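Biologist: I'm still finding my way around structures like this one. Could you take me slowly through a single part of it, the way you would look at it yourself?

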Amino acid sequence: MTDLVFLEPATLAEANSLLAEHGGAAKLLAGGTAVVLLLGQKLIRPAALISLGRVEGLQGIAVDAEGALHVRPMASLAQVAADERVRRGWPLLAMACAEVGNVRVRNQATLGGNMAEADYASDPPAALVALDGYVRIVGPRGERQAALAEFFLGFYTTTLAEDELLIEIVVPPLPSRASSAYLKYKSRSSEDRPCVGVAAVLAVEDGACTAARVAVGAACETPQRFPALERELVGQRLTPAIVGEFAGAYAAALPEPLDDLRGSAWYRREMTRVHVRRALSALAGLETAQ
Amino acid sequence: MSPIGRDTPLLDARERVEGRLPYVLNLSLPGMLHAKVLRSSHPHARITRIDAAAAAHAPGVVAVLTGRELAEADSIQHLYGIGTRDQPILAVDKVRFVGEPVAAVAAETRDQAEAALDLIEVDYEALPSVDNEMAAVAPGAPILHDDVADNIVTHYKLRRGDVDAAFAASDLVLEETYTSPTAQQVTMEPHVSIAQFTDGRLTVHTASQSPYGVRRVLAEIFGLKPEEVRVIVGPLGGGYGAKAHVRLEPIAAALAWKTGGRPVKFVATRAEEFVIVTKHAVTIKIKSGVMRDGRLTAREVTSWWNTGAYADAGFMLTRGGMLRSIGPYRIPAVRADGYGVYTNRPPAAAFRGAMASQGAWAYESHMDSLAHALDMAPIELRRKNILREGDAWATGEIMHDAHYEECLDEALRLLDEGRPLARAEGSIRRGRGAAVMMKNPQAPSRSEARVVLRGDGRATVYTSTVEMGQGAHTALAQIAADRLGLPAHSMQVVGPDTDQTPFDQITSGSRSTHMMGNAVLRAAQAVADEVRELGRRRYEVELGEITLADGHLHTPDGQSVPYADLLNWAGVAQVEQRGEFKTEQNLDENHQGVTCSHWHQGAGACEVEVDIETGKLTVTRYAGTSWAGKVVNPVRARAQNQGNIIYGLGPTLCEEMVFDGGQVINANLADYLIPSILDIPLHLHTASLESKEKDADMEGIGEMTLPCVAPAVANALYDALGIRLRDLPLTAERIWRALHLEEVRHEHSREH
């Protein structure tokens with residue numbers, strides 16, 4: 001660790017060229033809440049850290065003319081959680097960001113870092129998958145976009161290449177009359193990470209469901225969404241039985257739920273069933289109990 | 001007004017808040033080197049080769065040590081331990097747990113020391129391993145130590161009455177088995193020691209609860225006289241038993257022995273904390289005979305304490321565990337056996353409320369099971385059998401100052417037990433539970449103190465009691481101030497430093513206020529007597545007429561003199577006295593006799609909510625009580641009572657070290673969860689119960705509300721759902737699975 005080089009580029013171009021120069025030997029540093037832990041535990045031994053802290057244009061939150069939300073990668077989770085526009089337009093995202101770790105972590109951790117880290121047991125990824133969010137990425141081959149539903153590949157792995165940089169998280173506006181919520185289930189202490197986290201968007205018009213999007217986080221290696229099941233809900237009048245059935249189907253569809261100290265695979269499937277049902281019931285204004 | 005019984009801020013409160021407290025962790029000495037240790041990756045293996053030659057030539061490296069070198073050094077006794085010398089400073093031929101120190105390096109920087117570890121080559125020949133205490137005592141289990149053929153390193157027994165006959169004559173006999181897992185104390189400050197040899201003397205700055213214990217063991221290891229070892233202890237960032245015995249000191253000192261006089265600092269990482277010391281896992285089989293009216297007739301308790309690869313404090317703790325698994329009840333016939341069992345786990349030692357937590361988990365859950373079997377209210381069953389004044393306990397000793405029922409009553413009152421409870425609401429079910437505990441203080445035991453009234457009229461207490469956040473130094477200052485007629489905040493407390501402060505056994509087991517408090521009281525009383533004598537000579541009044549208050553000596557006719565002036569008048573530079581307090585124990589091999597002069601007593605009662613769809617249990621209300629005799633510092637006593645409950649919620653609900661192939665898989669605080677501030681019950685009430693007598697003794701209250709937490713919560717869970725869990729922790733998934741099984745059984749019985 002003594003010979004670790006700390007680099008602080010001022011522009012995106014500089015950051016990109018430093019990345020290219022160091023190849024896989026450099027690690028990008030956003031808020032550092034994950035990277036510093038990994039360094040401390042010697043799980044990574046990069047030759048250089050490229051800090052994004054001084055790079056112009058990576059800060060801030062904006063809403064464009066079409067009503068889409070643009071979060072720059074260095075916005076902290078605390079900023080996203082507190083932002084009035086996010087709270088009004090995408091409450092699910094604000095709720096998920098407010099659930100991460102504790103206030104000290106949220107002040108330091110960034111949304112971009114959270115996406116790039118792809119920690120299976122974090123809250124924002126599921127929220128952004130349910131919100132049809134996508135990321136903008138720049139690299140030597142130019143700029144590309146990736147839907148978050150396809151961005152996460154597995155434990156701590158994404159489609160980001162070693163020489164690429166995530167420059168923005170974009171979230172389209174919610175469908176009309178949609179409400180959204182993030183329901184985090186912690187099986188151990190109050191500061192634990194989720195055993196399962198359910199991110200749900202639901203729109204109901206004239207008593208019938210017009211849109212439903214549900215992503216289940218922390219249950220599997222990546223956030224899980226089953227559009228075919230979501231489509232089955234559209235057009236239905238939501239009752240406890242229908243929501244229960246949907247939740248059961250969602251739980252059953254999970255491919256290989258994780259088995260760890262927060263819950264066995266079997267328990268995670270059960271908790272997915274319970275929390276998908278609870279999240280949708282709450283959004284549909286149904287009784288939450290069995 | 002006496003400083004005793006008054007809310008008194010910690011003497012070092014300002015330094016704590018301002019970050020100026022001199023923790024050993026922050027101490028740096030001139031020329032100091034940094035230690036790192038290579039640890040075993042095998043739970044049980046022969047070391048067939050170690051090659052550390054390359055590490056010795058690595059940049060910045062000053063000393064490299066292997067177990068072989070220490071074993072072959074004439075001046076070093078490389079094996080140490082409290083009941084048996086079974087633990088090498090560094091493994092020699094064999095490793096016995098994942099994380100056992102195998103080689104050590106001292107270098108100019110920590111990074112250099114760490115880099116050098118990579119250059120040490122170790123070849124292992126794996127041996128079969130065992131990490132569960134019951135598997136370790138089964139026939140054919142792998143043997144850890146050649147001289148302990150059955151892995152049972154120690155066995156203590158208690159025999160009273162004819163247990164078998166009493167069982168035969170009982171209306172009901174119930175046997176259950178309870179377990180609690182290996183856990184970690186998780187002090188905020190990690191273990192840290194700095195050692196230096198100068199002119200044949202060894203000086204150690206260390207974060208230890210036992211300065212004199214460390215001195216004795218280091219003197220034995222290095223063949224020094226105890227006086228040739230100086231142990232200086234700063235304020236601790238938490239102890240909880242984790243620092244009660246020798247930990248990093250032998251390695252730091254062994255490295256220092258090779259550096260030609262340069263000091264060596266060894267700081268444990270958080271991951272290392274989990275392999276340095278743990279809480280005993282235990283399996284407790286408890287069987288009770290009871291008459292239909294609820295009278296207990298007999299009890300048999302067998303406990304297997306998982307001491308890990310080395311006994312550590314396992315001798316006295318197994319004995320404590322055996323005694324602390326019986327319970328505060330009047331039972332005519334008792335048979336108890338406690339076994340200390342070697343396994344391929346990291347060594348286990350005290351964990352706040354040592355062994356009493358594991359014991360109460362078993363006997364207080366069991367009391368509720370017995371009550372349900374008898375169709376009797378659990379509190380009624382306790383009242384029928386609880387120890388009262390003049391009752392004989394399992395050792396045959398007669399109980400004096402027995403306040404168990406009072407503790408229980410007060411806990412129930414604080415919980416407001418009569419309040420109606422909405423038992424079911426949506427997916428939430430609610431229930432209440434209670435528990436009582438007893439714990440024997442360490443005995444025989446001894447504390448000494450020195451109190452000096454200085455020429456400036458203020459006073460200093462010299463004590464080897466360790467301040468670890470519990471407020472002991474403040475309590476001792478209050479006690480001395482009371483006798484000396486000085487304000488508590490004007491007192492200075494010095495120590496521990498074995499060159500300056502007199503002997504004390506240890507700071508643990510809730511003993512300091514009682515043991516050291518009485519030693520300080522005696523020393524301060526002797527100083528006060530001497531000051532009065534000076535006053536008698538100066539003013540020619542009767543001794544009995546003199547009062548000491550506000551730093552002045554007062555005579556009945558209204559004359560008064562500041563202490564500084566009085567000492568000056570008498571030509572005395574200072575008045576210095578020593579005080580000592582000792583306790584005895586007198587038990588035979590069947591543990592019949594007298595354990596101690598007083599008992600630690602406490603109770604707890606709680607209300608829980610369980611979400612039946614997830615199994616998640618929330619403690620919504622908790623009330624804990626402890627018997628204090630006389631409270632020295634009410635605000636700190638309350639903090640201790642509350643802290644115990646919060647600390648106790650961890651092992652109750654989520655704390656458990658999980659092993660895979662002998663390797664701890666959750667040795668970090670993201671995977672090993674301790675309660676956060678949000679887990680504290682919304683309604684948390686505590687009380688330290690006091691005697692009505694003016695001269696009541698000051699009893700320790702550092703642990704008494706802790707052991708009841710797990711059984712009280714489990715009993716409340718049973719009250720809510722009819723589920724009896726016998727394995728800690730009470731995780732959501734465990735409760736969910738039990739609920740699920742109940743449903744299955746219910747379905748099954750309906751079909752038939």
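Modeller: Let's look at two helices of chain B in this predicted model: helix H14, residues 472–484, and helix H15, residues 512–539. A handy way to describe two packed helices is to give the angle between their axes and the distance between the axes. Here the axes of H14(B) and H15(B) come within 8 Å and cross at roughly 30 degrees. Angles under 35 degrees count as roughly parallel, so H14(B) and H15(B) are roughly parallel to each other. Their crossing also has a hand: H14(B) and H15(B) make a right-handed one.

Now zoom in on the residues that meet. From H14(B) come Ala472(B), Ala475(B), Leu476(B), Ile479(B), Ala480(B), Arg483(B) and Leu484(B). On the H15(B) side you will find, among them, Ser512(B), Thr513(B), Met516(B), Gly517(B), Val520(B) and Leu521(B). Follow H15(B) further along and you can pick out others in the contact, including Ala524(B), Gln525(B), Val527(B) and Ala528(B).

What kinds of residues make up this contact of H14(B) with H15(B)? They divide into 12 nonpolar, 4 polar and 1 charged.

For a companion picture, turn to chain A, where 3 strands form an open sheet in the order S1-S3-S2, with parallel pairing. Strands S1 (5–7) and S2 (26–29) of chain A stand at the edges, each with a single partner strand, so one side of each has no neighbour in the sheet. From one strand to the next, the twist averages 25 degrees. Helix H1 of chain A, residues 12–22, packs on the sheet and touches S1, S2 and S3 of chain A.

Key:
Residues numbered from 1 in each chain as written. Chains lettered and ligands numbered in written order. Predicted model: local features only at pLDDT ≥ 70, side-chain atom pairs only at ≥ 80, totals over all residues. Pairing = 2+ DSSP bridges. Helix = DSSP H or I, 4+ residues; strand = E, 2+ residues; numbered from the N terminus. Axes fitted to C-alpha atoms, helices over the stretch in contact; angles between N-to-C directions. Contact = placed C-beta atoms within 7 Å. Parallel < 35°, antiparallel > 145°, perpendicular 65-115°, else oblique. Left-handed = near helix turned anticlockwise from the far one by under 90°. Nonpolar A, V, L, I, M, F, W, Y, C, P; charged D, E, K, R; others polar.
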